[in-house]
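User: Could you walk me through this model at an easy pace? I would like to start with its open spaces and then move on to the metal and the helices.

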Amino acid sequence: MIDRSLSDPDLQGTIRVVSAAATHVGHVRATNEDSLLNASPIYLVADGMGGHNAGEVASAIAVEEFEKLTIQENVTVEQLGEALSSAATRIAELGDESTLGAGTTVAVVATMVLDDVGYWVVLNLGDSRVYRLSGEIFEQVSVDHSVVQELMDRGELTPEQARVHPYRHMVTRALGAGPESDPDYWLIPAEAGDRMLVCSDGLTGEVDDAEIERLLRSPADVRTLSEDLVQRALDGGGHDNVSVVLVEVVEVVGQDLVSENTADSAGSPAEDEGFEPDEDTLPRAPRGDGDGR
Ligand code: MG
């Protein structure tokens, strides 16, 4: 059975969204170590790793820390960073033998209002992903922190080879495990009709980007779509736990303002808040051809 949850359309500052989530243990694994959060203004997938129940515990901690931010209408990048630090500290403190090597990926989409303009904030650590559908644009926003991504960046692997590479599950950054836990951030103006998909590698390991784009472009509602995405991963083999959270913008108040600002670097408003994104974490140039990859 697919567990699911659905939020009511919800007014968050100037962004009104509807969202849904679905997760499944898959056909192979004994337990579901993915955890998810579908509660405005935070939409999160965490894919836990580590022996025994360590992965489950680590991903649940990530959800708990970010859930503390869901009592408010709006979040700041600083608060997202603090939630990440708190989760990292708690995972590191687990420390007993059964939770040795506990860690988790974290992929987050949050809605944020800055100067009356609505934005998506995307945060990533590991190989869970965030995809964005906005008009003609379909793109993977997050960049995987994984061995195969590094090999692809060096031109040593094609995306097709990466899908079947023996190290395809090996992450190079994670929360609580591994040498590095610096997240990447992106800030992107939100437009009415945008769909943001947060998912674990149990989806992307079974369903290619072209199929994800095709599904996201369908007129189906977010609940139906989130269940369809999980079902597609199960049909593809369900080799891993699969989790999706899907958020759709119903309305952005002050949309004219957003459109005017779209041409600028989306990083600039955040700098007013003391946030200086790295160059490599700025939003990429939109892909307008919509042909998937
Ligand atoms: Mg996984």
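User: How much space lies in the largest pocket?

Analyst: Happy to help, and do keep in mind that this is a predicted model. Rolling a probe the size of a water molecule over the atoms shows where empty space is left. For the largest pocket, that space comes to about 740 Å³.

User: Which helix gives the largest share of the lining of that pocket?

Analyst: The lining has 26 residues, and Arg-129, Pro-159, Ala-162, Arg-163 and Thr-204 are the ones nearest the centre of the pocket. Helices H3 (147-153), H4 (159-164) and H5 (201-204) each supply at least two lining residues. The largest share, four residues, comes from H4.

User: How many residues of that lining are charged?

Analyst: Sorted by side-chain class, the lining has five nonpolar and eight polar residues. The charged residues in the lining number 13.

User: What spacing do the donors of the magnesium ion follow along the chain?

Analyst: The protein donors are OD atoms of Asp-47, Asp-201 and Asp-240, lying 2.1 to 2.2 Å from the magnesium ion. Asp-201 sits in helix H5 and Asp-240 in the loop between helix H7 (222-235) and strand S13 (242-252), so to speak distant parts of the chain, 39 residues apart. Along the chain, the donors' spacing reads D-x153-D-x38-D.

User: At what angle do the axes of H1 and H2 cross?

Analyst: Helix H1 (residues 54-67) and helix H2 (residues 77-94) have axes that come within 9 Å. The crossing is right-handed, and residues in the contact include Val-57 and Ile-61 of H1 with Leu-80 and Leu-84 of H2. The contact residues divide into 11 nonpolar, one polar and three charged. The axes cross at roughly 145 degrees.

User: Which residues does the cis peptide bond join?

Analyst: Most peptide bonds are trans. Here, a loop between strand S4 (34-39) and strand S5 (42-49) holds Pro-41. With omega about 0 degrees, the cis bond joins Ser-40 and Pro-41.

Definitions and conventions: Residues numbered from 1 in each chain as written. Predicted model: local features only at pLDDT ≥ 70, side-chain atom pairs only at ≥ 80, totals over all residues. Heavy atoms only, no water. Axes fitted to C-alpha atoms, helices over the stretch in contact; angles between N-to-C directions. Left-handed = near helix turned anticlockwise from the far one by under 90°. Contact = heavy atoms within 4.5 Å. Nonpolar A, V, L, I, M, F, W, Y, C, P; charged D, E, K, R; others polar. 1 Å grid on protein atoms, 1.4 Å probe; cavity = no way out; pocket = protein on both sides within 12 Å on 5 of 7 lines; lining within 4 Å. Points joined across faces, edges and corners; volume = space filled by probe spheres on them. Donors = N, O, S within 2.8 Å, 3.2 Å for Na, K, Ca; no water.
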